[in-house]
Amino acid sequence: MAEDCVDQVIELNADFKKKAGPSISLKTPLLGAGPTHKCPNGFHENLAVELSQSYDLPYDVAQHLARNYGTRAPDVLVYAANVKGTAAGLFKNYPRLYEGSQTTFPYLEAEVRYAVMHEYALTPADILGRRTRLAYLNSTAARLALPRVVEIMAECLGWDTAQQEFEHARAEDHLARDYAGPVPNKSSAKLRMACTADVKDIFDRIDTSKKGTLSAEGIRVASHELGFPLNDMELQVALRDMDTDRSGEVSFPEFLMWWNSCEESKALQGKIFRGVRGGEKWATVED
């Protein structure tokens with residue numbers, strides 16, 4: 001699309017047409033695709049296998065590095081610290097951001113250092129939400145990894161104790177606000193608020209025709225999946241509030257605005273967001 005746009009501009013401007021040479025877009029490799037000293041063959045379909053064999057990486061980590069960094073993966077591993085062997089001796093144990101008893105993720109502590117040094121990461125939210133995407137996959141794991149992320153970034157950026165506490169608290173706010181996790185069963189609950197990503201995911205799943213709208217039955221299903229099923233009367237009232245143009249269809253912005261507009265929910269959400277942090281937990285401020 002960008003190339004088409006430039007072509008149109010050149011076609012309409014004689015001076016530009018004289019100066020412009022042929023497009024090199026198709027000949028320019030993406031970052032991480034071209035050959036490097038440690039990956040002389042460039043990116044290829046067996047790069048994950050090559051990384052696993054060369055660096056004794058668990059395959060899930062090798063696959064993640066190959067997909068996300070391509071031939072820059074060895075540059076990331078330069079920042080690995082405290083690498084240890086495993087009992088079986090099949091591969092090395094590169095410290096991960098989160099490694100639970102039941103679930104692990106392939107993100108390495110080395111990626112935090114690399115992101116700070118080479119990708120302009122300045123906050124823990126940059127790491128957890130914009131570099132590794134751990135917050136998208138499991139917000140609980142992201143919160144558990146947060147103290148270590150802050151610690152590593154403090155080493156790289158020279159944060160003092162006060163700055164570390166500030167960054168930790170700010171990241172907690174960010175995770176609580178934007179990464180609410182999977183939609184729980186909210187039957188009999190008062191707090192109806194849901195994060196935009198959860199509502200959009202359910203809306204799109206129900207909108208199988210990809211029209212960008214839902215019918216009354218679609219709204220009923222979406223409300224049920226979000227944990228607050230509507231009876232017939234509630235559904236009629238909801239449609240009257242949402243479908244202002246009386247088209248019989250409700251768009252995503254209309255549905256999202258209505259869903260998060262419940263006065264009781266907004267009051268409770270405000271109370272939660274006014275929470276104070278005590279130790280490693282959050283406590284709400286009583287009115």
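# A walk through the model

Select N82 to begin: N82 is exposed, with a relative accessible area of 57%. Exposed here means over 50%, so N82 makes the cut. Keep in mind as you click around that you are looking at a predicted model.

**Stop 1: the loop around N82**

Colour the stretch around your selection. N82 belongs to the loop between helix 5 and strand 1. Now check its backbone angles: phi is near 55 degrees, a positive value in a residue that isn't glycine.

Stay in that loop and pick Y79, which also lies between helix 5 (73-77) and strand 1 (84-85). Is Y79 buried or exposed, or something in between? With 23% relative accessibility, Y79 counts as partly exposed.

**Stop 2: rings that meet**

Next, show Y79 together with Y114. A pair of aromatic rings is described by the distance of the centres and the angle of the planes. In this model there are five aromatic pairs. For Y79 and Y114, the ring centres are 6.2 Å apart and the planes stand at 70 degrees, so this pair is edge-to-face. The pair joins distant parts of the chain: Y114 sits in helix 6 (residues 109-118), 35 residues away from Y79. Unlike its partly exposed partner, Y114 is buried, at 5% relative accessibility.

Add Y69 to the selection, and you have an aromatic cluster made of Y69, Y79 and Y114.

Now jump to F203 and F255. What kind of pair do they make? Their centres are 6.2 Å apart too, but the planes are at 40 degrees, so the pair is tilted. Here again distant parts of the chain are linked: F203 is in helix 11 (residues 196-206) and F255 is in helix 14 (residues 252-259), 52 residues apart. F203 is buried, with a relative accessible area of 1%, and F255 is buried with a value of 1% as well.

**Stop 3: charges over rings**

Leave F255 selected and find F252, then show K200. The charged end of K200 sits over the ring of F252, 5.4 Å from the ring's centre.

For another example, go to R133 and Y136. The charged end of R133 lies over the ring of Y136, 4.5 Å from the centre. While you're here, take a look at R133 itself. You'll find R133 in the loop between helix 7 and helix 8. R133 has a positive phi of about 65 degrees, although it is not a glycine. At 46% relative accessibility, R133 counts as partly exposed.

**Stop 4: the nonpolar core**

Time to go inside. Select I127, L128 and L134: of the 24 residues in the largest nonpolar core, these touch the most other members. Which helices feed this core with at least two residues each? They are helix 6, helix 7 (124-131), helix 8 (134-137), helix 9 (139-157) and helix 10 (161-178). Helix 9 gives the most, with nine residues.

Follow helix 9 to V150. V150 is buried, with a relative accessible area of 3%. Draw a distance line from V150 to Q163: they are 13 residues apart in sequence, and their C-alpha atoms are 9.6 Å apart in space.

Further along, pick L157, also in helix 9. L157 counts as partly exposed, at 34% relative accessibility. L157 and R113 are 44 residues apart in sequence, yet 9.8 Å apart in space from C-alpha to C-alpha.

**Stop 5: a cavity**

Keep R113 selected, as it leads to the next sight. Rolling a probe the size of a water molecule over the atoms shows where empty space is left. How many cavities of 30 Å³ or more does the structure hold? It holds one, and about 40 Å³ of space lies in the largest cavity. To see its lining, select A80, A81, Y94, P95, L108, E109, A110 and R113. Those residues divide into six nonpolar, no polar and two charged.

**Last stop: helix 3**

Finish at V49, in helix 3 (residues 47-55). With 32% relative accessibility, V49 counts as partly exposed. Draw one more distance line, from V49 to A66: the two are 17 residues apart in sequence and 9.1 Å apart in space, C-alpha to C-alpha.

Key:
Residues are numbered from 1 along each chain as its sequence is written. This is a predicted model: local features need pLDDT of at least 70, side-chain atom pairs count only at pLDDT 80 or more; totals for chains, interfaces and linings use all residues. Side-chain values use heavy atoms; hydrogens and water are left out. On a 1 Å grid over the protein atoms alone, a cavity is a set of points where a 1.4 Å probe fits but cannot get out, and a pocket is an open set with protein on both sides within 12 Å along at least five of seven lines; lining residues have an atom within 4 Å of a point. Grid points are joined across faces, edges and corners, and a volume is the space filled by probe spheres set on the points. Ala, Val, Leu, Ile, Met, Phe, Trp, Tyr, Cys and Pro count as nonpolar, Asp, Glu, Lys and Arg as charged, and the others, Gly among them, as polar. Rings of Phe, Tyr and Trp (its six-membered ring) pair if their centres lie within 6.5 Å; planes under 30 degrees apart count as stacked, over 60 as edge-to-face and the rest as tilted. Helices (H or I, at least four residues) and strands (E, at least two) are DSSP runs, numbered from the N terminus. Buried means under 20% relative accessible area, exposed over 50%, partly exposed in between (1.4 Å probe, protein chains only). A charge sits over a ring if NZ of Lys or CZ of Arg is within 6 Å of the ring centre and within 35 degrees of the ring normal. A nonpolar core is a set of buried Ala, Val, Leu, Ile, Met, Phe, Trp, Tyr and Cys residues joined through side-chain atoms within 4.5 Å.
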